[in-house]
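Here's a quick tour of one protein chain, written for someone who likes to check numbers against coordinates. Have a look at the structure, then read on.

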Amino acid sequence: MILRLLKLFVVLGLVGYLGMLGALYLRQRALMYPRDPAKADIATAGLVAAQEATVVTADGERLVAWIVPPRADKPVLLYFHGNAGNLARAAAWTGRFRALTEDGRYLRAASSS
């Protein structure tokens with residue numbers, strides 16, 4: 001009786017473990033690259049000189065970009081915020097955006113929305 005109960009406990013534990021592994025496998029993309037559909041506001045980010053542009057790709061993805069026009073003879077910077085989140089998350093780093101553009105450099109920060 002005890003051996004049968006122990007065997008049942010091991011089988012149930014193994015099934016639960018394999019089920020958890022299967023769920024992790026199926027959700028790995030969402031776990032590694034969480035999508036945040038929130039849209040950042042340029043004014044909240046403190047980039048008063050920035051403009052927002054939207055591009056719709058051939059496969060229907062909508063890309064949002066913040067553009068700060070350059071002053072004369074300044075370099076162009078492209079900023080891609082990384083694998084997860086969006087510009088709303090990057091807006092938390094607005095000190096970085098301001099530092100990149102305060103001397104007149106061009107900034108284009110891109111994100112999918």
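## A helix and its expected length

To work out the expected span of a helix, take 1.5 Å times one less than its number of residues. Keep in mind that this is a predicted model. With that rule, the 25 residues of α1 should span 36 Å, and the end C-alpha atoms of α1 do sit 36 Å apart, so the two values agree.

How many of the 25 residues of α1 are buried? The count is zero, so α1 lies largely in the open. The cut-off behind that count is under 20% relative accessible area.

## The nonpolar patch

There's a nonpolar patch on the surface, about 930 Å² of it, built from L14, Y17, L18, M20, L21, L24, L31, M32 and Y33. Two elements, α1 (2-26) and α2 (28-32), each put in two or more residues. Helix α1 gives the largest share, with six residues. As for M32, that residue is found in helix α2.

## The chain as a whole

Zooming out, the protein chain has five helices and four strands. Reading from the N terminus, the order is α-α-α-β-β-β-α-α-β.

The chain is 113 residues in total, and 23% of them are buried. About 8,300 Å² of the chain is exposed, with carbon and sulfur atoms supplying 63% of that area. Contacts tell another part of the story: take those between residues at least 6 apart in sequence, and 63% of them join residues at least 24 apart.

## The β1-β2 hairpin

Now for the strands. β1 (residues 51-56) and β2 (residues 62-68) pair antiparallel, over six bridges. Together they make a hairpin with five residues between the strands, and in the turn G60 has a positive phi of about 90 degrees.

Which residues of β2 do T54 and V55 pair with? T54 has V64 as its bridge partner, while V55 is matched with L63. In a regular strand, side chains alternate between the two faces of the sheet.

Is β2 mostly covered or mostly open? Mostly covered: five of the seven residues in β2 are buried. Set that beside α1, where the number of buried residues is zero.

Notes:
Residues numbered from 1 in each chain as written. Predicted model: local features only at pLDDT ≥ 70, side-chain atom pairs only at ≥ 80, totals over all residues. Heavy atoms only, no water. Patch = residues over 30% accessible without salt bridge, like charges linked within 9 Å, V, L, I, M, F, W, Y side chains within 5 Å. Areas by Shrake-Rupley, 256 points an atom, 1.4 Å probe, with all protein chains shown as cover. Salt bridge = Lys/Arg side-chain N within 4 Å of Asp/Glu carboxyl O. Buried < 20%, exposed > 50% of the residue type's maximum accessible area, 1.4 Å probe, protein only. Contact = heavy atoms within 4.5 Å. Pairing = 2+ DSSP bridges.
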